[in-house]
Amino acid sequence: MNKARAMLDALMGPNRDEKETDKDKAKEKFKDKGVCKAFLLGLCPLDPAYLGGKRKFNSCEKIHSDVMKDQFTSHPEAAELTRE
């Protein structure tokens, strides 16, 4: 059950079941604390797809969503937010 929930969170975002009344807030879900900022910028070093080998690292527990990455890159203040 948790794996299915994690896959849906990655594909559709963590608040997929909630209705947003404010359109501006709906476009800024990538600012949530549960979203991996390194993934938004391009590459998370603890992404489970890249981990392997002899060393056992814990994978990143935050959300890696391509939808949120697209929202981040299309945001008007994306260049300013990458500096933070």
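## Exercises on a predicted helical chain

The lining of the largest pocket comprises 5 nonpolar, 2 polar and 4 charged residues. The model examined in these exercises is predicted.

**Exercise 1. Describe the largest pocket: state which residues line it and what its volume is.**

*Solution.* Begin with the volume, which is about 280 Å³. Next, locate the lining along the sequence: Ala6, Asp9 and Ala10 contribute to it, as do Asp47 and Pro48, together with Ser59, Cys60, Glu61, Lys62, Ile63 and His64. Finally, sort these residues by class. Asp, Glu and Lys count as charged, whereas Ala, Pro, Cys and Ile count as nonpolar; the outcome is 4 charged and 5 nonpolar residues, with 2 polar ones.

**Exercise 2. Determine where His64 lies, whether it is buried or exposed, and which residues it contacts.**

*Solution.* First, place the residue: His64 belongs to the loop between helix 3 (37–41) and helix 4 (66–74). Second, apply the cut-off for burial, which is under 20% relative accessible area. His64 has a relative accessibility of 14% and therefore counts as buried. Third, list the contacts beyond four places in sequence: Ala10, Cys36, Phe39, Cys44 and Asp47. Of these partners, Ala10 and Asp47 also appear in the lining of the largest pocket, as does His64 itself.

**Exercise 3. Classify Lys69 by accessibility and identify its partners in the fold.**

*Solution.* Lys69 is part of helix 4. Its relative accessible area is 23%. Partly exposed residues fall between the 20% and 50% limits, so Lys69 is partly exposed. Leaving out residues up to four places away in sequence, Lys69 touches Phe39, Leu40 and Gly42. For Gly42, the separation from Lys69 is 27 residues in sequence, while the C-alpha atoms are 8.6 Å apart.

**Exercise 4. Identify the residues of the largest nonpolar core and examine the surroundings of Val35.**

*Solution.* The largest nonpolar core consists of 6 residues, namely Phe30, Val35, Leu40, Met68, Phe72 and Leu81. In soluble globular proteins, nonpolar side chains tend to be buried together. Beyond four places in sequence, Val35 is in contact with Phe30, Leu40 and Met68, and also with Lys29, Lys62 and Ile63.

**Exercise 5. Summarise the chain as a whole: how many helices and strands are there, and what share of the residues is buried?**

*Solution.* The chain holds 5 helices and 0 strands, giving the order α-α-α-α-α from the N terminus. Of its 84 residues, 23% count as buried. The accessible surface is about 6900 Å², and carbon and sulfur atoms supply 53% of it. Among contacts with a separation of 6 or more, 57% join residues 24 or more positions apart.

Terms used:
Residues are numbered from 1 along each chain as its sequence is written. This is a predicted model: local features need pLDDT of at least 70, side-chain atom pairs count only at pLDDT 80 or more; totals for chains, interfaces and linings use all residues. Side-chain values use heavy atoms; hydrogens and water are left out. On a 1 Å grid over the protein atoms alone, a cavity is a set of points where a 1.4 Å probe fits but cannot get out, and a pocket is an open set with protein on both sides within 12 Å along at least five of seven lines; lining residues have an atom within 4 Å of a point. Grid points are joined across faces, edges and corners, and a volume is the space filled by probe spheres set on the points. Helices (H or I, at least four residues) and strands (E, at least two) are DSSP runs, numbered from the N terminus. Buried means under 20% relative accessible area, exposed over 50%, partly exposed in between (1.4 Å probe, protein chains only). Contact means heavy atoms within 4.5 Å. Accessible areas come from the Shrake-Rupley method with a 1.4 Å probe; for residues, only the protein chains shown count as cover. A nonpolar core is a set of buried Ala, Val, Leu, Ile, Met, Phe, Trp, Tyr and Cys residues joined through side-chain atoms within 4.5 Å.
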